[in-house]
Amino acid sequence: MTGKERWGSNLGFVLAAAGSAVGLGNLWGFAYRASQGGGGAFVLLYIAIVLLVCLPLLVAEMVLGRNTGNSPLIAPRRAGGKAWAPLGWLFLLVSVGILSYYIVLMGYAGTTLLKSVLGNLPLDKTEASNYFSSISTGEVSLRGQMFSLAITGGVVAAGIRGGIERLTKWGMPLLFLMLICLALWASFQPNAHEGYAFLFGWDASKLTDPETISNAFKQAFFSIGTGIGAILAYSVYLDSRSAIPEEAVAVVTLDTAVGLIAGCVTFPLVAILGLGDLVGEGSIGTLFSTLPHGLAGPSMNLTGWLVSVLFFALIYIAAITSAISLLEVPVSSLMDQIGLSRSKAVWISIVITALLGLPSAIDVNFLAQADSIMNALLITSGLLLAILMGWSVPSRFKNELEDSKTSKLKINGLLWTLRWISTPIITIGLTVVLEETFRNWQF
Ligand code: PHE
């Protein structure tokens, strides 16, 4: 890697990494998975996995990036030798795989934003399901996909400081502000408590329910976005003195807070709008059809218009700042492996992503299957990353953190957690997720 580029500041890196983490996973994914049931048990498991597994893993991923200075494709081989080369390919496969349908979802959000602005949202339940089919298939879906991919490519082509850092520096604060306004607004609505009750309702038996466990794992990994090389690609441009553990804590805290606050917007909204009966269905389209029609309904008037515009603008900004980090994985790998220029690498990557995304753009069921397989692969590569950094080359982990003056106690604590807590928990989680994925597989 050239290593010439650097983040303008530590805050710039934290906002970009938080931008990668905060995305459709927090808004669409959280609503989609939490609505499949589980309530407070789902939320508790999700938070526990984030703290015990994703946080140490994120530190390991950042260390791997900064220590090797290589792209996700080459970093595992550089750190652990030839035997680890397949992990680099897995990073590449999973990030391009996720990006291919992520861009399609982003297209749905963009179309819904446009329709919100124009006041063209569906007005009732029947119109809402027709509406979702109309945006998730055919030309509309393809147009959304191409537009979103072009924007993402444009930002990544502009480089780390000129594109990614510049966008996330204003995008993230704006996103936080919009989200807090929406959550406050929702909390003052009469039926909001029903939404909170659904999201946090306690049923201890759900703690051992495989579907809830599997959903919590997928949600935690997808939302933090660790174990796939995206944050690794960003960490290459980190200053050698920056405090990695503290930065990882900031990213994880921001992401989890946004996930929970977003839940405190979507679930009360569903209750306020009287859409409760649709929630249990927990389909991919919940966010893109249920909410818009509620907001466009006659009782909402101008408030509904404003809330829908704000809400979908927020989703779109969150999605771009994540999509750019996913795209940075193939782009930096092509630059690193075959010495391509950034703009050439972007072109090649977006063409491949567009082609791979076509089946998802045409068929939403394909998208759902791709999401479930990619999530399982994401957790697999997370497990391999934990083994690489925690078990195979722990000295790299230690030395790199010592060099940036992290205390010995912190380093040993993190390494111990990575080895003895995170690794076994991911192994168990992966088994449950794989079992669930095969059971729900639709041929
Ligand atoms: N974390 C992002 C989200 O919540 C998605 C993502 C996954 C980004 C993996 C990077 C890596 O939407």
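## Helix α2

Let's start with α2, which is mostly covered: eleven of its eleven residues are buried. Bear in mind that this is a predicted model. The buried set runs through L24, G25, N26, L27, W28, G29, F30, A31, Y32, R33 and A34. One of these, R33, is charged, and it counts as buried along with its α2 neighbours.

## Where the ligand sits

What kind of space holds the ligand? It's a cavity, and the largest one at that. Several helices help to wall the ligand in: α1 (10-21), α2 (24-34), α10 (210-224) and α15 (301-338) are the elements that each give two or more residues to the shell. So α2 turns up here again, as one of the contributors.

The shell comes to 15 residues, and the closest are A21, G25, Y102, F222 and S223. As for character, seven shell residues are nonpolar, eight are polar and none is charged.

## Polar contacts

Which residues pair up with polar atoms of the ligand? Among them are S20, on the nitrogen side, and L24 and Y102, on the oxygen side. S20 uses a polar backbone atom, 3.2 Å from a ligand nitrogen. L24 likewise offers a polar backbone atom, here 3.0 Å from an oxygen of the ligand. With Y102 the side chain does the job: one of its N or O atoms lies 2.6 Å from a ligand oxygen.

How much of the ligand does the protein cover? The answer is 100% of the 320 Å² of accessible area that the ligand has on its own.

Key
Residues numbered from 1 in each chain as written. Predicted model: local features only at pLDDT ≥ 70, side-chain atom pairs only at ≥ 80, totals over all residues. Heavy atoms only, no water. Near = heavy atom within 4 Å. Polar contact = N/O pair within 3.5 Å; in protein donor to acceptor, adjacent residues only side chain to side chain. Areas by Shrake-Rupley, 256 points an atom, 1.4 Å probe, with all protein chains shown as cover. 1 Å grid on protein atoms, 1.4 Å probe; cavity = no way out; pocket = protein on both sides within 12 Å on 5 of 7 lines; lining within 4 Å. Sits in = over half its atoms within 2 Å of the grid points. Helix = DSSP H or I, 4+ residues; strand = E, 2+ residues; numbered from the N terminus. Buried < 20%, exposed > 50% of the residue type's maximum accessible area, 1.4 Å probe, protein only.
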